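Okay, thanks for having me, everyone. I'll walk you through one structure today, so let's put it up on the screen.

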Amino acid sequence: MDLSALYQELILKHYRHSAHKGALEAPDAEIQMNNPTCGDVIVLQLKAEGERIAAVRFGGQGCAISQAAASMMAHQVEGKTFAEAEALAERFKQLLHGDADAARDRALGDLRALAGVAKFPQRVRCAMLAWNALDEAKKRL
Ligand code: ZN
């Protein structure tokens, strides 16, 4: 089985049809983050219920990696606590730096499809953009 082809398909699926792309009615926080190196823009909206991330939506444009990573992240952190999301962010960072255990960690869900980014260090910023936005949005709650 060609795993990289499978992963590529998953990335394009998130890039083209994200269930989390769009806007929330009344977000508790909204932030725009740019990655000038690649030209990526992410607008992240957040709804919180206490310590929990109730809903995440994103908009923006940019490369497939930045947009797919935002979609995958939104899917993975919705319903989780901020502490759990932070742990996932750390795990995802390990994956982006080539950690083989992180690349197999089921907790990362579809984000595992981005393990190939480890071979392209200049794209790490693209993959981390939405996570950085989440971190900033949390500070604005
Ligand atoms: Zn990019």
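So, to start: how many bridges join E1 and strand E2 (residues 40–49), and in which sense do they pair? There are seven bridges, and the pairing is antiparallel. Before I go further, please keep in mind that this is a predicted model.

Let's stay with those two strands for a bit. E1 and E2 make a hairpin, with four residues sitting between them. If you look in the turn, you'll find Gly39, which has a positive phi of about 90 degrees. Across the hairpin, Met33 stands opposite Ile42 in E2, and Asn35 stands opposite Asp40 in E2. Hang on to Asp40, since that name comes back later.

E1 also has two faces. Ala29, Ile31, Met33 and Asn35 are on the covered one, while Glu30, Gln32 and Asn34 are on the uncovered one.

Now zoom out to the sheet. It's an open sheet of three strands, in the order E1-E2-E3, and the pairing is antiparallel. Strand E1 (29–35) and E3 are the edge strands, each pairing on one side only. On average, neighbouring strands in this sheet are turned by 20 degrees against each other, if you ignore direction.

What packs on the sheet, touching E2 and E3? H2 does, and its direction makes about 170 degrees with that of E3. Helix H3 (residues 82–96) packs on the sheet too, touching E2 and E3, but here the angle with the direction of E3 is about 50 degrees.

Next up, the helices. Helix H1 (residues 3–16) packs with helix H2 (residues 64–77) at an angle of about 80 degrees, and their axes are 8 Å apart. That makes H1 roughly perpendicular to H2. Who meets whom? From H1 we have Leu10, Ile11, His14 and Tyr15, and they meet Ala64, Gln67, Ala68, Ser71 and Met72 in H2. By class, that contact has six nonpolar residues, three polar ones and no charged ones.

Okay, the zinc ion. Which protein atoms are its donors? They are the SG atoms of Cys38, Cys63 and Cys126, plus Asp40, which is listed with OD twice, and they lie 2.1 to 2.8 Å from the zinc ion. So there's Asp40 again, as promised. Along the sequence, the donor residues are spaced C-x1-D-x22-C-x62-C. One pair links distant parts of the chain: Cys63 is in the loop between strand E3 (52–61) and H2, and Cys126 is in helix H5 (residues 124–139), 63 residues apart. Are these two buried or exposed? Cys63 is buried, with a relative accessible area of 14%, and Cys126 is buried as well, at 1%.

Last stop, Arg106. You'll find Arg106 in the loop between helix H4 (100–104) and H5. Arg106 is exposed, with a relative accessible area of 72%. If you leave aside its neighbours within four places in sequence, Arg106 is in contact with Gln76 and Arg112. And for a sense of distance, the C-alpha atoms of Arg106 and Ala85 are separated by 14 Å, with the two residues 21 apart along the chain.

That's my tour, thanks for listening!

Key: Residues are numbered from 1 along each chain as its sequence is written. This is a predicted model: local features need pLDDT of at least 70, side-chain atom pairs count only at pLDDT 80 or more; totals for chains, interfaces and linings use all residues. Side-chain values use heavy atoms; hydrogens and water are left out. Axes are lines fitted to C-alpha atoms, for helices over the stretch in contact, and angles run from 0 to 180 degrees between N-to-C directions. Angles under 35 degrees count as roughly parallel, over 145 as roughly antiparallel, 65 to 115 as roughly perpendicular and the rest as oblique. Contact means heavy atoms within 4.5 Å. Ala, Val, Leu, Ile, Met, Phe, Trp, Tyr, Cys and Pro count as nonpolar, Asp, Glu, Lys and Arg as charged, and the others, Gly among them, as polar. Donors are N, O and S atoms within 2.8 Å of the metal (3.2 Å for Na, K and Ca); water is not among the atoms, so sites may look incomplete. Buried means under 20% relative accessible area, exposed over 50%, partly exposed in between (1.4 Å probe, protein chains only). Two strands pair if DSSP finds at least two bridges between them.
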